[in-house]
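Visitor: I should like to learn how to read the charged contacts and the overall fold of a protein model. May we go through them one by one?

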Amino acid sequence: MAISSKPTRWPSQRVSVLILATLLVLRSRALEIPKETLTRWRAASANKPLTPEDLLRTLQTLFFKEADGSKTLLVPYDEQVAKVNIKETSLAKFASNARSFPLIPPSAKTNIDGTFFRQLRAILFGIAIPSIKSKEAFIVALHSLFLVLRTMLSIGVAKLDGVIVRDLVKADLRGFLKGLGMWFLLAIPSTYTNSMIRHLQSKLSLRLRTRLTRYTHDLYLSSHPDIRYYRSGLEGVDQYITADIEAWAESLSVLYGNVLKPSLDLVLFTSQLSRSLGFRGTLLLFGNYYATVTILRAVTPAFGKLAAVEARLEGEYRAGMGRVGREGEEVAFYDGGGREKSILTGAYLRLIKHVNSIYKIRIMYEWTEDFVIKYLWSAAGYVLIAVPVLFTRRHRKDSAAGLEEPKADEAIAGRTENYISNRRLLISLADAGGRLMYAYKDLLELAGLTTRLYTLLSTLHNLPSLPSGDEGPPGVIELSHVDVGIPAADEDRDLVALTEPLLLVKDLSLILGEGEHLMITGSNGVGKTAVARVLAGLWAPRGSNSVVRRPQCDGRRPTVFVVPQRAYMVTGSLLDQMIYPHSYADFLESGKTEKDLQREGGWATRKEWRDVLSGGEKQRCTSAVSSDVEGRMYEHLKSKGITLITISLRPSLAKYHTQLLTLKGDGSAGWTLAKVGTEEERMGIEREIASLENKLKEVDEWQARLKELDALLSVQELSD
């Protein structure tokens, strides 16, 4: 007796039309592939491979500026040069997005709640997918289309599976061969769809990472007066920008497919099953959904928090390895390899201990998850398949009393077809439910990565710009009633500091006119470099009435440049070292020309100059030059109309300056300002000379005392 009142038939016309449409798409794509391949082959054959000289020139040029303000990067690839156009994020975009990134309260916890979805929306739709016309949105739409197509094909495969088994039970050779042919035809779009889903998922991950990385680079590596890379205060920023962004993009792209596809499967498979399961079966199906969600939600640990802690520990270990790589010479001088090994081992063990704790937590969770999804769902599947046979079939038998019975083989074949189709759908449904349960764990991990990424972006967005200072007369630098102090740890976040910050210099006032030069001196640790940071705009001046005036060149970057005490070696050629922070394009625009360099092969040679240059050569980039060269440098800079501000303890440099700022080291934050060459300055020098002469007079006494100590030590050694 048949278990369905409808006659058995082949898969619906919608499935056939779907197969035909997919084949047409594949056919058009197959015709396009040779054309694209031929075009690429012709383009590749037309361009000659890069010579070593061309490669060096390309690496030197790096990019060129376009008329619209964008930059076209020159990227060597496969013995050719690929051109990539880059548009920097506008300041208006940063200002607009800043409203979506308020700071996270310290008491906030990582969880799947409204806060998580607000953070995800701010990152995803504010940065990663900025508009529906973007390439990322197109990839998402195309990915969604293939996911829907894959679900429809799965339904077609399930129905076709039942038809083939039905014809096999009926011993219908013609129907069996026809079904087998349809099976192979359906396999073509199915395999292509699976490949495209994986390809688009990887493509989406890469696009999200690229978009987010470019935005973060523009925000983090901002110029004056923001200079967020100098003031962020975040530890392990390299971990945030590299590993965390990559993990977030990969997690989100995978999660999208793991949520949308199973969700569609649940809806469509449930709709198909409800037609044959009846009311009782459908009710049991939804009861199985509810029981599964309730059990797994009760045993799911806080994977989001665990993932955030793991990322932080990874960052600490990575930062430690980077520190040893950067400061390897200093560590070697101290023979500190053993100490650094213990530090890195401790960081690694903390990471491994946390990862092992995650593995232990997952044992119980995955045991429960596998039991529920594999065995509980399988048992529920057998019950659901039995519903049409044990209940619906009896009901239809009683209602159809007196009617002619179908043939026995037709009844068995129909029941087999229904069983195979329902079983195939239930297996797919169990797989979809399992992936959704796994997706909940992935969603918790995404919440942890989103919190870390949001912490980075909100911190950078909420850093207030440094005061650019008032624009003074051309060539004039002025400080008026300025207190110089170390910035508090939470100052840049507009939070109240718990302690009063330490003032290094109090109520400093000075004016440097055009043609005047300043020398700052004082004992170590009194704040000489701090004054230079305020002059350069790296630190904000303190004091309610403080005023800082600098000449401005373009309204943003002040024309005060500080040569740091420690030489910075940029990645690139030797010419890049000389023109830093300007690019090669800026160098060409300035009208300058290259000169031959008789060291390391010329200007275009690219090396890790931090390792190539000796210690003395590095120091000569800043201050370690001979006195005669030093004098010529000062005179040349002064002839160019450059105002000089020198920090030094050497009195011999005072003659190149017009003002001398001396910071007192008595804890009073006091200072004195004197004109070089005046009576006051000469008296100060005379006092210093008199002090040195008095010390020289004591040399004989010190030598006599030294001999006495040597004699005492000799007597002690003889007695021993």
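**Reading salt bridges and overall architecture**

Guide: Let us begin with one pair: Arg 211 and Glu 136 form a side-chain salt bridge, with N and O 2.9 Å apart. Please keep in mind that this is a predicted model.

Visitor: In which elements do Arg 211 and Glu 136 lie, and how far apart in sequence are the parts that the pair ties together?

Guide: The general idea is to place each partner in its secondary structure element. Arg 211 belongs to helix α6 (residues 173-220) and Glu 136 to helix α5 (residues 135-169), so the salt bridge ties together parts 75 residues apart in sequence.

Visitor: Is Glu 136 buried or exposed?

Guide: Here one reads the relative accessible area, where under 20% counts as buried. Glu 136 has a value of 0% and is buried, whereas Arg 211, at 29%, is partly exposed.

Visitor: Which residues do salt bridges with shared partners join into one network?

Guide: One looks for partners that recur. In this model, Glu 136, Arg 207 and Arg 211 are joined into one network by salt bridges that share partners.

Visitor: With which residue does Lys 71 form a salt bridge?

Guide: The partner of Lys 71 is Glu 88, and their closest N and O atoms are 3.5 Å apart. Lys 71 lies in strand β2 (residues 71-77), while Glu 88 sits in the loop between β3 (80-86) and α3 (91-98), so this pair ties together parts that are 17 residues apart in sequence. As to accessibility, Lys 71 is partly exposed at 26%, and Glu 88 counts as exposed at 53%.

Visitor: What is the distance between the closest N and O atoms of Asp 226 and Arg 228?

Guide: The distance is 4.0 Å for this salt bridge. The cut-off for a salt bridge is 4 Å, so a distance should be read against that limit. Both Asp 226 and Arg 228 are buried.

Visitor: How many salt bridges does a search of the whole structure find?

Guide: The search finds nine, among them the pairs discussed above.

Visitor: What does the secondary structure of the protein come to?

Guide: One counts the elements: the protein has 20 helices and 13 strands. Of its 720 residues, 37% count as buried. The accessible surface is about 43200 Å², and carbon and sulfur atoms hold 59% of this area.

Visitor: What share of the contacts with a separation of 6 or more is due to residues 24 or more positions apart?

Guide: For such a question one sorts contacts by sequence separation. In this protein, the share is 77%.

Definitions and conventions. Residues are numbered from 1 along each chain as its sequence is written. This is a predicted model: local features need pLDDT of at least 70, side-chain atom pairs count only at pLDDT 80 or more; totals for chains, interfaces and linings use all residues. Side-chain values use heavy atoms; hydrogens and water are left out. Helices (H or I, at least four residues) and strands (E, at least two) are DSSP runs, numbered from the N terminus. Buried means under 20% relative accessible area, exposed over 50%, partly exposed in between (1.4 Å probe, protein chains only). Contact means heavy atoms within 4.5 Å. Accessible areas come from the Shrake-Rupley method with a 1.4 Å probe; for residues, only the protein chains shown count as cover.
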